[in-house]
Structure formats: C-alpha cells, structure tokens
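Biologist: I have a model open and would like to go through its architecture with you. Could we begin with the helices?

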Amino acid sequence: SKSSNNSGGNARDMNFLEQAVESLQQNTWTSPLYVDGAGWQSQEQAPATPSQADGDMASSATTVQQEAALKLFQALGSNTSATNLILQNAQMNPELHQALAQALDQNSTLASVTLRNLTASGEQEAAAYQLPASVFNSEHIATLNLTKTTLTEAACDSLSAMMVRQHLTTLTLNDVQMTHPQAFFQALAKTTSLTTLKITNKGTTTWSPHTSSLLQALTVNTSITTLHLEGLELNTDDHATLLANLLQHNQTVTQLSLRQNALTALALPILVQQGLLHNSTLQTLFLSRNPLGEATDSSVATKALSQLLQQGTTLQTLCLV
C-alpha cells in the first residue's frame, strides 16, 4: 500500500540520517554528504485522506526527519572528515536554517557545497529562502553550486567578496536570481582563482538586462578556463559582437558552452571572423540548441563554418547538435 511504501521510505531515510550523524561525530564520513528533503515536502503536502490519522503520521514522520537533519547539521559543524555537502529540495524552517548556518561557519573541511531548490517554511514560507551568510564567508569552500535561489544585495556582495578572496575555483549558478549583479561582475573581472564558471538560466530575469556587463567582465578575466553561458538569450548583433570580443581578447578559456542562447545563422560569421579566428586557446565549443540552420540565410552560417575549418584554429571539438 501507499502507506506502507511511505513507511519503508521513511525508515530508510531515518536509518541513513542516523548513520550519517554517528559517522560525522566519529569523523569517519568521507563520501559526499547527500541530503534530499523531497520526501519531507511530499509528506507535508500529503492529503488527510483516507483518514486524518494517516495525515498525522505523515506530519509526524516529516518532523522526525527534520529533527534528524537538524542533528546532522549540528554534527557537521565539528566534523573534520566530510568535504562535500549536497543539500536539495528541503523546506528550511528557522531551526534548520540556523543549524546549517552554524555548521558552515564552524566546519573547516568542507571544500564543496551544493545547495539546490531550498525553500523557506514556517513564518517565512511566503518569502524567498535566503541562504546563510556563512555560505559565502567560508575560507575553505572551493566549489559552490547554487540552484533556484535568490541572492539579496547583501548576499551578492558576500559572494563577490568570496570570489575576490581568491580561494573559490568553481562556481555554478543555475536559475539564480541576483538583486545586485554589478558587484558580481566587478568580482568576476578581478578574481584570479576561479577556473570554472557555469551560468544556466531557464526562468530568472537577472541576466537579461545585464548580459553586456557579464560578457565585458568575462573578456578581461584571466583565470577562467571552463565557461558555460546557457539560456541567456544572447541573440542580438550586439551580443554576437561582445562574444566575438571575448573570444578575441580572452586567452584563458579553453572550453566554452553557448547552448540554447537563440544564436542565429547571422551571429556565426561575427563569432568566427571577429572572434574565433583571432583566438589561440579555445579547444572546445558547444553551440547546441541554437537555430543556426533554421533561417533562410543558413548558407551564411555554412560559409562561416567552412572558413573556420579551412583557416584553422586551436579548436579541437565543435558541437552543433
């Protein structure tokens, strides 16, 4: 039955959390610490039928799991063996938020932190969840992956300061809303430690008014080697010119992904003639999911690609599909 299936899943979740807490306390946990709160949400939203008792049991199970997660965060603070935290799909009540903040503030070994799709609960449920400041204040986190979150002006400033402190090497921003992106762009131009930057946009409005500033900052950056700019709607002639300028002057990027940016056939000659033919470092270029061959002037794109292949560059891999 559904009730027994939920019960079995709850038991497995609880068993994992209890083992993880014990291992963290003993400093023997070395694999990625993966905490998925999807089950908590489904249980909290479960209907009261077929009986109110079933609803009460689901709510109780959720509370127990959140209390176990609370103990896990508390154990993580003093732990010295875990290096990778992945937290996703969790409704963060004030107690969990505070425990996570303290754990990140106290822990000295976490080098990679992934926070995906976290939402506020309790009194703050209607508001967007605000990440703890300790996420950005850590001197040990080298890899930071954020998905579906909003960064306030203070958080943007803290992230920028983190980048300038020169210990962050990998940053992934998937559907991240920024209220003060200019601080981020300034840090992007200054950082010398960041080697991988991945920005993917599927629904936020952060990047649309600021893509020019983003591309200009990346043009003068001297540390990034892997750059993914996906879903940013870089579909104007101005965008193509800025991308070409980036390719011409940035001599550190070796892998570039421009997937799903609505780039047309008319953009390709600009990228090739003004950018790629003057670049001596790029090895891999992804142009997938762009309408390069759908326009009536697709022959323009074909000629540009022929020119690129004939004249030769450092490019080793070109993906168009």
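Biologist: How are α8 and α9 oriented to each other, roughly parallel or roughly antiparallel?

Modeller: This is a predicted model, in which local features need pLDDT of at least 70, side-chain atom pairs count only at pLDDT 80 or more, and totals for chains, interfaces and linings use all residues. Residues are numbered from 1 along each chain as its sequence is written, and side-chain values use heavy atoms, with hydrogens and water left out. As for your question, α8 and α9 are roughly parallel to each other, a term that covers angles under 35 degrees.

Biologist: What is the angle, and how far apart are the axes?

Modeller: Helix α8 (residues 211-220) packs against helix α9 (residues 237-249) at about 10°, and their axes are 9 Å apart. Axes here are lines fitted to C-alpha atoms, for helices over the stretch in contact, and angles run from 0 to 180 degrees between N-to-C directions.

Biologist: Which residues make the contact?

Modeller: From α8 they are T211, S212, L215, Q216, L218 and T219, and from α9 they are H239, L242, L243, N245, L246 and H249. Contact means heavy atoms within 4.5 Å. By class, the contact has five nonpolar, seven polar and no charged residues.

Biologist: Turning to the sheet, what is the strand order?

Modeller: The sheet is open, has ten strands with parallel pairing, and runs β1-β2-β4-β6-β7-β8-β9-β10-β11-β12. Two strands pair if DSSP finds at least two bridges between them. At the edges are β1 (33-36) and β12 (317-319), each of which pairs on one side only.

Biologist: Over how many bridges do β8 and β9 pair?

Modeller: Strands β8 (residues 196-200) and β9 (residues 226-230) pair over five bridges, in the parallel sense. Within β9, H228 is the bridge partner of K198.

Biologist: K198 interests me; what about T172, is that residue buried or exposed?

Modeller: T172, whose place is in strand β7, is buried at a relative accessible area of 12%. Buried means under 20%, exposed over 50% and partly exposed in between, with a 1.4 Å probe and protein chains only. Leaving aside neighbours within four places in sequence, T172 is in contact with L144, N145, L146 and K198.

Biologist: Lastly, the loops: what is notable about phi of Q166 and E233?

Modeller: Most residues other than glycine have a negative phi. Phi of Q166, however, is positive, near 70°, and phi of E233 is positive too, near 55°. Q166 is found in the loop between α6 and β7, and E233 in the loop between β9 and α9. Q166 is partly exposed at 31% relative accessible area, and E233 is partly exposed at 42%.

Conventions: Helix = DSSP H or I, 4+ residues; strand = E, 2+ residues; numbered from the N terminus. Parallel < 35°, antiparallel > 145°, perpendicular 65-115°, else oblique. Nonpolar A, V, L, I, M, F, W, Y, C, P; charged D, E, K, R; others polar.
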